[in-house]
Amino acid sequence: MDKLIVCRCEEVDLDTLVEHARQYDCSARELKLRTRAGMGYCGGRTCRTSIDALLCHLTGSAAGDELPLKVQPPVRPVSLSTLGGRLES
Amino acid sequence: MSNMRIVDHPILGKLEERPAVSFTFDGRPCEGVAGDTIASALLAGGIRMLRVQEVTGTPRGLYCNIGHCCECRVTVDGKPGVRACLAEIQPGMIVESGKPLPQRKELAPHA
Amino acid sequence: MNIQAERHAQVAVIGGGIIGCAAAYYIARSGLDCILLEKGDIASGTSSRCEGNISAVDKDPGFDSQMSMISQQLARELTKELDLSFEYNAKGSLLVCETETEMAAATQWVDRQNAAGLSFRMLDRADIRQESPYFADDLLGGLACATDALINPYLFCYALIDKAQQHGLRVYPRAGVTAIARLSAARSPSARVPDFRIETTAGTFTARQVVNAAGVWAPFIGQMLGISIPITPRKGHIIVGARQQPVIERNVMEFGYLINKFGGTRQVDPDTEKHGVALVLEPVESRNFLIGSSRQFVGYDSRIDLQVVQTMARRALRFFPKLADFNLIRTYTGMRPWTADHLPIVSAVDEVPGFYIAAGHEGDGISLATVTGKLIAQMLHGQADTIIPTAPLRYDRFAGQAGKGAESDGQADRVQV
């Protein structure tokens, strides 16, 4: 069977996430840093709940027990010219 | 370009007639109807691949279709990162698919 | 049998950022029984909210530069010693100049650095264009440092810990230190030095020697032993640019970065001055790029300040106008541990025998982690011939100065980073 992609942006599959979570017994944020899942273009909005659910399943802790992955501005991608104050033409 | 658009649905009935809109996708002439998004116009024509994952080159296309996942991002009239599922096609629009990044150069140790 | 054996070690390193990880690695590798206590996760603080430069290009010629060169050499060795990758990439780095004044200063900088044994060279307009097609056409040139490297700072932490654990290091994440007591000699009559009892959110530990590698939190640790440590958080923002096209192959900073870092006047607009903004653009292994930098003293407030981010974006556009259409996907902040003389504190503390500090690296934590770790390990062994001179890094150089540390103004409320 083909790999099951969980984070589409960074192309991180389920096996990779499970292996890392088991080996390092880590938080969602550390799993993100180790595998890049959740660090992609969409800002983690597509895969974040899956990763949290996976960790709950593996560690038995409820989602929200630990610090959640932060949502920081920009809430969606913005061009450098927009952020730098140039008017969009 | 094959037409996959449902024009006569057993429950929803006939699709209303709408004017055709021409645009290009990677230089190829394409046609949709007024009100199509780039993604729906291309999908109707059987085109599913809108970009590739920049590093792995894996083909990508529509996923959430609601402007959330950014999987469908294309370049429109030179502007990158436009979500094909939200952008309505306009006559003469130039749409380009996302390409893979070139291989990393090995920098010569000159500096 | 001592049932608390696993909670005792010869050395306790407090802080699991890049300095703590490097220290723990070199200490464990040197054969000392060592534990690492981290209040969050390994690298969960500044070390995962920063850029990844191991650079000499922005170091003061002299001691600062010498320290960097040794750190660079140690980092190179670690690419062979450590098992996990940390995306080490030694392509060199550059500074770019806007004005003739900067070009003249750059020429002097290059001469001084080369005289001190480093590998710098001047770059002209054509060289700059070769580095990136996205640069502004009016940039006059700049300079390059050949030995500079880029790494992934949090992967470096993981790699150091991974290998250190093979050398016997025991790691306790989610163990925030709440109190440290120096036990009197009477309780351990056979000991030649006092033991420390360390209370944490994960229970109690004891050690013979303690290394305070807690970065911007080091003053709080010091306070627990009545020691004032003059380290102040200096906030920096980073913007992540998405991988659309390759922008540049190596790290670039504007020449004004040096002035920003060391203090001095620049000819820039009020917002750039106010937010301490100086352009940095770093290509990363994932093919994204990072835009920096800002420097502000705002206590421990780690919230994104959109005005600062906009100022950084404007500064990036000045140097890279052709990146206007590139999309930015994320921002974050990190706190640099600043000291008044821009050198870290890597030192024993005479007032508390057995207590050491390895903190205060400001923007040079990544650059100097390896040499700091090596030096601290040597100090713990009582070694006299250390890898670098220790005098400039002594804690007592701040004696008698009122530090901007933990006990100063109301800015010390501990907003979670």
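Immediately after helix α3(A), Gly60(A) adopts a positive phi of about 80° in this predicted model. The helix that precedes this glycine, α3 of chain A, covers residues 48-59 and contains twelve residues, which at 1.5 Å a residue should span 16 Å; because its end C-alpha atoms are 16 Å apart, the expected span and the modelled one agree.

Confidence in the prediction can be described both for the whole model and for a single chain. The model as a whole scores ipTM 0.92 and pTM 0.93. For chain C, the mean pLDDT is 91, and 92% of the residues of this chain reach 70 or more. Within chain C, however, residues 402-417 have a pLDDT below 50, although this stretch has 29 contacts in the model beyond near neighbours in sequence.

An open sheet of nine strands combines chains A and C, its strands following the order β3(A)-β16(C)-β12(C)-β15(C)-β14(C)-β13(C)-β4(C)-β6(C)-β5(C), with mixed pairing. The edges of this sheet are formed by β3 of chain A, residues 78-79, and by β5 of chain C, residues 120-123, each of which pairs on one side only.

Strand β12(C) is joined to β16(C) by ten bridges, and the two strands run antiparallel; in this pairing, Arg234(C) is placed opposite Arg336(C) of β16(C). Three bridges connect β12(C) with β15(C), again in an antiparallel arrangement, and here Gly241(C) stands opposite Phe289(C) of β15(C). Strand β12(C) is mostly covered, since ten of its ten residues are buried. From this strand, Thr232(C), Arg234(C), Gly236(C), Ile238(C) and Val240(C) point one way, whereas Pro233(C), Lys235(C), His237(C), Ile239(C) and Gly241(C) point the other way, and all are buried.

Strand β14 of chain C (residues 280-283) and strand β15 of chain C (residues 289-292) are paired in the antiparallel sense over four bridges, and the bridge partner of Pro283(C) in β15(C) is Phe289(C). Helix α9 of chain C, which comprises residues 306-319, packs on the sheet and touches β4, β12, β13, β14, β15 and β16 of chain C, while its direction makes about 55° with that of β12(C). A further helix of chain C, α3 (residues 100-115), lies across β4, β5 and β6 of that chain and runs at about 160° to β5(C).

Chain B contains an open sheet of five strands in the order β4-β3-β9-β7-β8, in which the pairing is mixed. Strands β4 (28-33) and β8 (79-83) of chain B stand at the edges of this sheet, and because each has a single partner strand, one side of each is left without a neighbour in the sheet. Neighbouring strands of this sheet are turned against each other by 40° on average, direction ignored. Between strand β7 (residues 73-76) and strand β9 (residues 94-96) of chain B, which run antiparallel, there are two bridges, and Val76(B) stands opposite Val95(B) in β9(B).

Chain B also touches chain A, in a contact to which chain B contributes nine residues and chain A seven residues. On the side of chain B that touches chain A, the residues comprise three nonpolar, five polar and one charged.

Conventions: Residues numbered from 1 in each chain as written. Chains lettered and ligands numbered in written order. Predicted model: local features only at pLDDT ≥ 70, side-chain atom pairs only at ≥ 80, totals over all residues. Contact = placed C-beta atoms within 7 Å. Nonpolar A, V, L, I, M, F, W, Y, C, P; charged D, E, K, R; others polar. Pairing = 2+ DSSP bridges. Axes fitted to C-alpha atoms, helices over the stretch in contact; angles between N-to-C directions. pLDDT = per-residue confidence, 0-100. Buried ≥ 20, exposed ≤ 12 C-beta atoms within 10 Å, placed from the backbone. Expected span 1.5 Å × (residues − 1).
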